Amino acid sequence: MTDFRVDPPTAADERTLLQGFLDYHRGTLWWKVSGLTGDQLVRRTAEPSSLSLIGLVRHLSEVEKYWFHRALAGQDSPPKYWTDEHPYGDFDLVTPEQAEQDLAEHRAIVRRSDELAANYSLDDTFVRPGHDGSYSLRYLYIHMIEEYSRHNGHADLLRERLDGATGE
């Protein structure tokens, strides 16, 4: 199950360290969702929360697209899972039949995020749509590491309650 996750380097340049930690936390999420059926991926195991493992994957897909695709690269990449009508659609509108496609889309979005980030230096800045101030790619990496870390904690609990599987 740990084939998804590669330990980040312990001594490297800043960019390599940041990318390594982000990849590690992305891999941790993939590890937490591996080997499960669509029914298991959509199950909400921490009632009354609407969190599910596939909901976390969908949420992180949207976060990747917002920060890397829209904010950093200025691409037209609208949300897929949430709308004004369904602001928590990434968590609430999950189906077992869609789960495998959601996983595949997350991997494709991550690949695209990495391709986009490779075109910028850590000091390059951008403005988030609808926000004031500028952000650096360095900030973006740190924010994404924090985002995945927090949600991987949720994934730990959801997976353990689902089938007893544990692991850091």
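This passage walks through the helices of the structure, how they pack, and a handful of residues in and between them. The model is a predicted one, and the values given here are computed from it.

A good place to begin is helix 5, which covers residues 99-117. Its 19 residues stretch 27 Å from the first C-alpha to the last, close to the 27 Å expected at 1.5 Å a residue. Ten names make up its buried set, and they are worth listing in full: Ala99, Asp102, Leu103, Glu105, His106, Ile109, Val110, Ser113, Leu116 and Ala117. These buried residues take up an arc of only 160 degrees around the axis, so they sit on the same side of helix 5. There is a general background to this kind of pattern: an α-helix has 3.6 residues a turn, so residues three or four places apart point the same way. As for what that side meets, the buried residues of helix 5 pack against helix 1 (14-33), helix 2 (38-42), helix 3 and helix 6.

Next come the helix pairs. Two packed helices are described by the angle between their axes and the distance between the axes. For helix 1 and helix 5, the axes lie 12 Å apart and the packing angle is about 175 degrees. Since angles over 145 degrees count as roughly antiparallel, helix 1 and helix 5 are therefore roughly antiparallel to each other. On the helix 1 side, the contact is made by Arg15, Gln19, Asp23, Arg26, Leu29, Trp30 and Val33. Helix 5 brings Leu103, His106, Arg107, Val110, Ser113, Asp114 and Ala117 to that contact. Sorted by type, the residues where helix 1 meets helix 5 come out as 6 nonpolar, 3 polar and 5 charged. Several helix 5 residues in this contact also belong to its buried set, including Leu103, His106 and Val110.

The other pair is helix 3 (residues 53-72) with helix 6 (residues 137-163), whose axes come within 10 Å and cross at roughly 175 degrees. That crossing angle makes helix 3 roughly antiparallel to helix 6. Here the contact residues divide into 15 nonpolar, 4 polar and 3 charged. Helix 6 itself has 27 residues and spans 38 Å between its first and last C-alpha atoms, close to the 39 Å expected at 1.5 Å a residue. Just after helix 6 comes Gly164, with a positive phi near 85 degrees.

Two residues of helix 6 deserve a separate look. Leu157 is found in this helix and is exposed, at 55% relative accessible area. Its C-alpha lies 9.9 Å from that of Leu53, although the two are 104 residues apart along the chain. Glu160, likewise placed in helix 6, is partly exposed, with a relative accessible area of 42%. Apart from residues up to four places away in sequence, Glu160 touches Ala165 and Thr166. From Glu160 to Lys32 the separation is 128 residues in sequence, but 9.4 Å in space, C-alpha to C-alpha.

Lys32 brings the story back to helix 1, where this residue has its place. Lys32 is buried, with a relative accessible area of 2%. Neighbours within four places in sequence aside, Lys32 is in contact with Leu53, Ala155, Asp156, Arg159, Thr166, Gly167 and Glu168. One of these, Thr166, is 134 residues away along the chain, with 8.8 Å between the two C-alpha atoms. Thr166 is also among the residues that Glu160 touches.

The loops have some details of their own. In the loop between helix 2 and helix 3 lie Glu47 and Pro48. A cis peptide bond joins Glu47 to Pro48, with omega at about 10 degrees. Glu47 is exposed, its relative accessible area being 55%. Between Glu47 and Arg107 there are 28 Å in space, C-alpha to C-alpha, for a separation of 60 residues in sequence. Arg107 is one of the helix 5 residues in the contact with helix 1.

Further along, the loop between helix 3 and helix 4 (89-92) holds Ser77. Ser77 counts as buried, at 11% relative accessibility, because the cut-off for buried is under 20%. Setting aside neighbours within four places in sequence, Ser77 is in contact with Lys65, His69 and Arg70.

Notes: Residues numbered from 1 in each chain as written. Predicted model: local features only at pLDDT ≥ 70, side-chain atom pairs only at ≥ 80, totals over all residues. Heavy atoms only, no water. Axes fitted to C-alpha atoms, helices over the stretch in contact; angles between N-to-C directions. Helix = DSSP H or I, 4+ residues; strand = E, 2+ residues; numbered from the N terminus. Parallel < 35°, antiparallel > 145°, perpendicular 65-115°, else oblique. Nonpolar A, V, L, I, M, F, W, Y, C, P; charged D, E, K, R; others polar. Expected span 1.5 Å × (residues − 1). Buried < 20%, exposed > 50% of the residue type's maximum accessible area, 1.4 Å probe, protein only. Arc of directions from axis to C-beta. Contact = heavy atoms within 4.5 Å.
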